Amino acid sequence: MFKKILIANRGEIACRVIKTARKMGIKTVAIYSDADRNAMHVKMADEAVHIGPPPANQSYIVIDKVMAAIKETGAEAVHPGYGFLSENAKFAEALEAAGVAFIGPPVGAIEKMGDKITSKKIAQDADVSTVPGYMGLIEDADEAVKISAEIGYPVMIKASAGGGGKGMRIAWNDEEAREGFQSSKNEAASSFGDDRIFIEKFVTQPRHIEIQVLSDGQGNTIYLGERECSIQRRNQKVIEEAPSPFLDEATREAMGKEACALADAVGYASAGTVEFIVDGDKNFYFLEMNTRLQVEHPVTELITGVDLVEQMIRVANGEKLKLKQSDIKLNGWAMESRLYAEDPYRNFLPSIGRLTRYRPPEEISKKAVVVRNDTGVYEGGEISMYYDPMIAKLCTWGPDRASAIENMRVALDSFEVEGIGHNLPFCSAVMDHPKFVSGDITTAFIEEEYPEGFEGVNLDEETLAKVASAAAAMNRVAEIRRARISGRIDNHKRKVGKDWVVSIQGQEFRVKVKADLDGSTVKHKKGPSHRVTSDWTPGMSLAELEIDGEPMVLKVEKRTSGFRLRMRGADLRVYVRTPRQAELAALMPEKVAPDTSKLLLCPMPGLIVKMDVEVGQEVQEGQALCTVEAMKMENILRAEKKGVVSEINAGAGDNLAVDDVILEFE
């Protein structure tokens, strides 16, 4: 077995690989850029080598620099993680030439399957059903428009060397095809160093279901069930689960056998994933093969008990698979929520900054519940603009789908992240969405269910009443503490009132709080009483309560006359007042938000790549104004209405913060 491996990656996947290597008794080497000098993967590894400036194209994907780190440390093998150099045939060739093992597939398989155009042709030759499209290289935007029209809109414009949603656009007409081609080409060049583009038919109402395969390259290939990855935004996965709520055993077996046959056709070895688009009638079409470990591999590990990283290392060491297809049994259900440094209230735009608070839920492994968090960050660490915005993968397992979802709900409510915008509220909202709970989902889920973007969750009245009861009970604890500090009460003569008015989400709940040594009974003037028990004390940022015997987890921030409470995707400003205070508060005028309708504000921290307008120019609704790049994604900002540009405050090459004014209208 290898004595030392180098991880040619960063973040949570580097930490994930280090954990398995440590379990196997293998020493590890981390590489890092200037931006990652204090990163978690650097601290976890046995050794670390600096390889350059923050941009990936000057550090992590520079083959010569990685090879120099391998030579310096004497690493015998390299695990590439995902992204970066994981599907780079030239890197695999360089390792082979240096006598260093690549913990991944052979060069030939990478070349054939890592290139989406070539892989489609091979799949067609192997009688694998594929989505209609144009597999040749496309020279320019005019040709892209012509091909798109011939295939028939809508079409998917994709980077040949792409992955992770980078270099992908959906076009519904000629204008979008022209624009999407250029953006995809630019993103592909900056993310992968390869700007080749192809176009295929976009299948409407599709499900994205993928098969995990494992091969030793010595005649043994197996599949480890499927993963449902249909909850996506910008073609990037957000929620994954295993198995799929849609497949039956016959379809699962057919997809699995086809995936294995494709892997064998290219002489595959190591872990890989064959992705399919599946329609409502369970017809499936080959999409692509990822010749690497997938981001969402933990859900497969949770339902099969197989450590995929360990198997990759053993295969790279020349070992045969000890597992047979008959050994693979799917046990229970697993969910994964990807925690992104993105602001869901700003259309999921990237967010950067310092993690002033980062407290994941406790990892658990019990008979009926598993909580696992794969992460690469820590409290006090910095989220950089240079890399992918995913900072953690929260996974839960349960004996069935309903319990896996409920375990995820509690885990998400218990996850504390402050200092940056993040998508935890959105993930919580998905877990409670009726369509998701029923399994009735497609890749259009986010677009269809949140057409105006995510604006938070409005809780139902029954849940609000319970939250109001919790707030009233917590307020009583806080009031007693304040009164003791001020000397207004002692242990024998309490003067904290019992009657309170709780205002929450536009509703008022008039309650009477009766406390005892074990908790509080909160009687509602209109509605039933609720029994609240908790060990919460003022200053605690997380309240774990029981309401009528049912668990409730609240993120808590003290505010004037109440709290900010967050749960299940809802961000609530809760006022707890005496009846007289509530009466006076009703007379206070509401604060009016400033008018920004004549300003184009930067929606995220990023780099201005291109300005499309000039001062004095009249623009129409929907017209492109400028392009902002952040975390390897290009975002085109458009005019919301007709107007005339009166002033431009930024230009190409400028780095902007959130809400910086880019331009102004008359």
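Look at E228 to begin: in this predicted model, E228 sits opposite E241 of strand β12. The strands behind that pairing are β11, covering residues 221-233, and β12, covering residues 236-242, and they run antiparallel to one another, joined over 4 bridges.

Zoom out a little and you'll see that β11 and β12 belong to an open sheet of 9 strands, paired in the antiparallel sense. Walking across the sheet, you pass β14, β13, β10, β11, β12, β15, β23, β21 and β20 in that order. The walk starts and stops at the edge strands, β14 (284-290) and β20 (364-365), each of which has a pairing on one side only. As a reminder, strands of a sheet pair through backbone hydrogen bonds, and the pairing can be parallel or antiparallel.

For the parallel version, go back towards the start of the chain. An open sheet of 5 strands is found there, with parallel pairing and the order β3-β2-β1-β4-β5. Its edges are β3 (47-52) and β5 (101-102), and again each pairs on one side only. Inside this sheet, β1 (residues 4-7) runs parallel to β4 (residues 77-79), with 3 bridges between the two strands. If you want a spot to click on, try L6, which stands opposite V78 in β4.

Now for some helices. Two packed helices are described by the angle between their axes and the distance between the axes. How do α7 and α8 score on that? Helix α7 spans residues 141-151 and helix α8 spans residues 174-192; their axes come within 8 Å and cross at roughly 135°. Angles over 145 degrees would count as roughly antiparallel and 65 to 115 as roughly perpendicular, so α7 is oblique to α8. The crossing of these two helices is right-handed.

Which residues do the touching? From α7 come A141, D142, A144, V145, S148 and A149, while α8 brings D174, A177, R178 and F181. Sorted by character, the residues of this α7-α8 contact are 6 nonpolar, 1 polar and 3 charged.

Finally, step back to the whole chain. It holds 17 helices and 40 strands, so what you've toured here is a selection from the 17 helices and 40 strands counted by DSSP runs. The C-alpha trace spans about 80 × 65 × 55 Å along its principal axes. What radius of gyration goes with that chain? It is 27 Å, and because a compact globule of 666 residues would have a value near 26 Å, the two agree.

Technical notes
Residues numbered from 1 in each chain as written. Predicted model: local features only at pLDDT ≥ 70, side-chain atom pairs only at ≥ 80, totals over all residues. Heavy atoms only, no water. Pairing = 2+ DSSP bridges. Axes fitted to C-alpha atoms, helices over the stretch in contact; angles between N-to-C directions. Parallel < 35°, antiparallel > 145°, perpendicular 65-115°, else oblique. Left-handed = near helix turned anticlockwise from the far one by under 90°. Contact = heavy atoms within 4.5 Å. Nonpolar A, V, L, I, M, F, W, Y, C, P; charged D, E, K, R; others polar. Rg over C-alpha atoms; globule rule 2.2 N^0.38 Å.
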